[in-house]
Amino acid sequence: MDNCLASRSMRHVWHPCTQMKRHEAAPPVAIDHASGPWLVDTQGRRYLDGISSWWVNLFGHSHPHIRAALAEQMQRLDHVMLAGFTHAPVVELSERLAGLTGLGHAFYGSDGASATEIALKMSAHYWRNRGQPAKHRFVGLAGGYHGETVGALSVTDIALFRDAYGPLVRLSATVPSPDARQARPGETAADVARRAAEGLEAWLQAHHTETAALILEPLVQCAAGMAMHDAEYLRLARALCDRFEVHLVVDEIAVGFGRTGSLFAHQQAGITPDFICLSKGLTGGTLPLSAVLTTDAVYAAFYDDDAARGFLHSHSYTGNPLACRAAVATLELFEQLDTLAANRQLAQRISAAFAPLAAHPRVRHARRQGMIWAWDIDTRLPDFSQRYHAAALAHGLLLRPIGPMGRTLYCMPPYLLDDAAVAHLGRAALAALDDTLLQEAALPAQEVQA
Ligand SMILES: *Cc1c(COP(=O)(O)O)cnc(C)c1O
């Protein structure tokens, strides 16, 4: 631990998603540099980045192809406002995203939460332009996460992030999640999906005249604790949105760019959404950038002589050339490395390395979707997440359990891992679990009541 950097950080840096007082006992780890999947601290200790630095990194840190593209772009054009101007990186990125999704119009922001806000505003404004201004409410899934700005919180159903801001937020409706873990005896994941879709149908039946859009995370509700569902739910949701004239917004901010096995998660259901939100992996984990993709039909509803019918939304860094160039370089890597096929092989190797963990007696619901692995841990430790995180760091691995009780252990690694890294992942994740559970055994009974 670099006491100097860590203590200076605690004095002047307010860290995200952190009760700062906890850093008294466990100061932040000062990272000096990173290479491939490894983070290296100021003392030279190495940590395998098992969660891709909050799900953003795809090809390891400082990948030479992205680095070269950024260096070249920096020589040419750092930034220009996108209102009234355009440039090669934003044009090329938009063309590529259109080709990959079939949604031909890209609007840019800087973070995932701003993509959510853009999609919600665009959807409601579409209905207003179409003469149906009453359609301005939204519906999301139980446990859904779409970011933490005030507008994004209105469709985020995670109490820990939302409760303190209740009076600020115009809450949206919540319908049942198709989380496959809810399967009753004899039920398949598709059965759970059909049951959840009945809940959506009943809700839309009653409220479609005031509803602009359904927003959901396709295939994996990540922040909810890697809740995975059958693609059938997406097909049923698409059909219901069509029937009730409600937009379908798929939030691919976490699950996009190969995380679930396909380039975009919704593609596994063979559906076309009205809006796609992208961020996180979009730049390969190098620079902040988000995009909302939409259809010709939505775009046409704004295309008019009247300025007020246009989408008058902007951020200062909208379409930043460096970030767009990093995104183009990232998409080039998918082609050059045949990433989706390579990941199918890599996932087999990683699953084999995790086999002992999946078979651990305290593990429930061992599951995988593409390059996302998750295990619910049967523990009474109320602070399991912090303890596991610390134990994993001690074994040279970055993992942070999440979920409502912080008891879902998961791994979402970068896509370029050699055999040594894969072996380290399996070994360290298991050793950290055993270490954490030993702490549970050592605590007096009254201290482990949740
Ligand atoms: C991370 C995330 C967001 C928010 O993105 P930020 O860049 O953190 O604002 C939105 N939706 C999903 C599904 C996410 O995982």
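**Exercise 1. Aromatic pairs**

How many aromatic pairs does the structure hold, and how are the rings of Tyr145 and Phe161 arranged?

*Solution.* In this predicted model, the structure holds 14 aromatic pairs. One of them is formed by Tyr145 and Phe161, whose centres are 5.6 Å apart with 70 degrees between the planes. Because planes over 60 degrees apart count as edge-to-face, the pair of Tyr145 and Phe161 is given that name. The next step is to place the two residues: Tyr145 lies in the loop between strand S5 (137-141) and H6, while Phe161 belongs to helix H7 (residues 159-162), so that the pair links distant parts of the chain, 16 residues apart. Finally, buried means under 20% relative accessible area, and Tyr145 is therefore buried at 17%, just as Phe161 counts as buried at 19%.

**Exercise 2. A cluster of rings**

Which arrangement do the rings of Phe257 and Phe264 have, and which residues do ring pairs link into a cluster?

*Solution.* The ring centres of Phe257 and Phe264 lie 5.3 Å apart and their planes stand at 70 degrees, so this pair is edge-to-face. Both Phe257 and Phe264 are buried. Ring pairs link these two residues with Phe59, Phe334 and Tyr415 into a cluster.

**Exercise 3. A patch on the surface**

Which residues form a nonpolar patch on the surface, and is Val150 buried or partly exposed?

*Solution.* The patch consists of Val150, Tyr165 and Leu168, which together have about 300 Å² of accessible area. Val150 is found in helix H6 (residues 150-153), and because its relative accessibility is 42%, Val150 counts as partly exposed.

Technical notes
Residues numbered from 1 in each chain as written. Predicted model: local features only at pLDDT ≥ 70, side-chain atom pairs only at ≥ 80, totals over all residues. Heavy atoms only, no water. Patch = residues over 30% accessible without salt bridge, like charges linked within 9 Å, V, L, I, M, F, W, Y side chains within 5 Å. Areas by Shrake-Rupley, 256 points an atom, 1.4 Å probe, with all protein chains shown as cover. Salt bridge = Lys/Arg side-chain N within 4 Å of Asp/Glu carboxyl O. Helix = DSSP H or I, 4+ residues; strand = E, 2+ residues; numbered from the N terminus. Buried < 20%, exposed > 50% of the residue type's maximum accessible area, 1.4 Å probe, protein only. Phe/Tyr/Trp six-rings, centres within 6.5 Å; stacked < 30°, edge-to-face > 60°.
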